[in-house]
Amino acid sequence: MEGRKKWYRVAPNVGVNVRNGPGTAYDKAFSLSYGTAVEIGETKDGWGRCSDGWVCMDYLEPVSETEPRQTDTGLVIQRSLIPAGRKNRPGGTNGDRYITIHETGNFARGADAAAHAAYLKSDAAIKARMSWHYTVDDHAVVQHIPDGEKAWHAGDGANGPGNSQSIGIEICVDAGGDFAQAKRNAAALVRLLRKEHGIGLGNVVQHFHWNGKDCPHTIRHTAGGWADFLALCGSAAAQPEQSGLPAAVDVLVRAGVVTSPDYWKRGSGWSDANVAALIRAMAAYIEKKR
Ligand SMILES: [Zn+2]
């Protein structure tokens, strides 16, 4: 019987094995490290079924259903791991020193995070030796490879720092998707990973950084696009209403200093150039009043 799914956390320090069936007689598919959040549906003979196999329930501790691994915006990290041993899941240890931002470059309708998760498990992806850690769209974050393992996303060689010391995130650009929301979701994931791995904002880099590829293409070709994205990665979304920001912006609008109130009221993601222009406008206003 398929019951309601529940969240658990891997309890042993050494992690647990995920097997292809409910028992130790079944082959080991891969392992989950300590603390990983696992969503269990069906249970059988003391084993629980997660999205990629079976885990012995003795090694899982229940967590509140409101407490899976999630971003500070409440987006739950879904796992759809590439099975261990596939050519595009090379294993090895990822130094976790950087976060690399990509765009999928797939503008087809429906090319969302779930579609890319399916692609990464396909023969085509195995043949292409392609993989990355997370795909983010306007409504979901899906993980394909554990943070602590290498992936083939940076194009800088098997032992290049991009592939072996960075966590790769692909942002979806699918037609009909809300790209602005996908970027906000990706930034929320970056904030979570920075917190979990102690990665500084300066080590959040573009794919371009590693091998000169023009990726993430849309962000790179939008004026202030990368600065705006990094600003979102730097701090949790502000809560403008509580900070009194809208009222302050309205004062500046009445004074003629600000002409685009919605931009300033959102409380984050401002470009350096626009902040500088605002400072100049305020200074000019004060000078005029003297
Ligand atoms: Zn890329």
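Two worked exercises on this predicted model follow, one on its cysteines and one on a sheet.

Residues are numbered from 1 along each chain as its sequence is written. Because the model is predicted, local features need pLDDT of at least 70 and side-chain atom pairs count only at pLDDT 80 or more, while totals for chains, interfaces and linings use all residues, and side-chain values use heavy atoms, with hydrogens and water left out.

**Exercise 1.** Determine how many disulfides (pairs of cysteine sulfur atoms within 2.5 Å) the whole structure holds, and examine Cys172.

*Solution.* The search of the whole structure returns zero disulfides. For Cys172, the closest cysteine sulfur is that of Cys215, and the separation of 12 Å is too far for a bond. Cys172 is buried at 2% relative accessibility, where buried means under 20% relative accessible area with a 1.4 Å probe, protein chains only. Cys215 is also buried, at 5%.

**Exercise 2.** Describe the sheet that contains strands E9 and E14, working from its strand order to the helix packed on it.

*Solution.* Strands (DSSP runs of E, at least two residues) and helices (H or I, at least four) are numbered from the N terminus. Six strands form an open, mixed sheet in the order E9-E12-E11-E13-E10-E14. Strand E9 (77-79) and strand E14 (204-206) stand at the edges, each with a single partner, so one side of each lacks a neighbour in the sheet. Neighbouring strands are turned by 30° against each other on average, direction ignored, with axes fitted to C-alpha atoms.

Within the sheet, E11 (134-136) and E13 (166-171) pair in the parallel sense over three bridges, pairing requiring at least two DSSP bridges. Here Tyr134 stands opposite Ile169 in E13. Finally, helix H7 (225-234) packs on the sheet, touching E10 (98-103), E13 and E14, contact meaning heavy atoms within 4.5 Å. The direction of H7 makes about 155° with that of E14, on a scale from 0 to 180 degrees between N-to-C directions, the helix axis being fitted over the stretch in contact.

Technical notes:
A disulfide is a pair of cysteine sulfur atoms within 2.5 Å. Buried means under 20% relative accessible area, exposed over 50%, partly exposed in between (1.4 Å probe, protein chains only).
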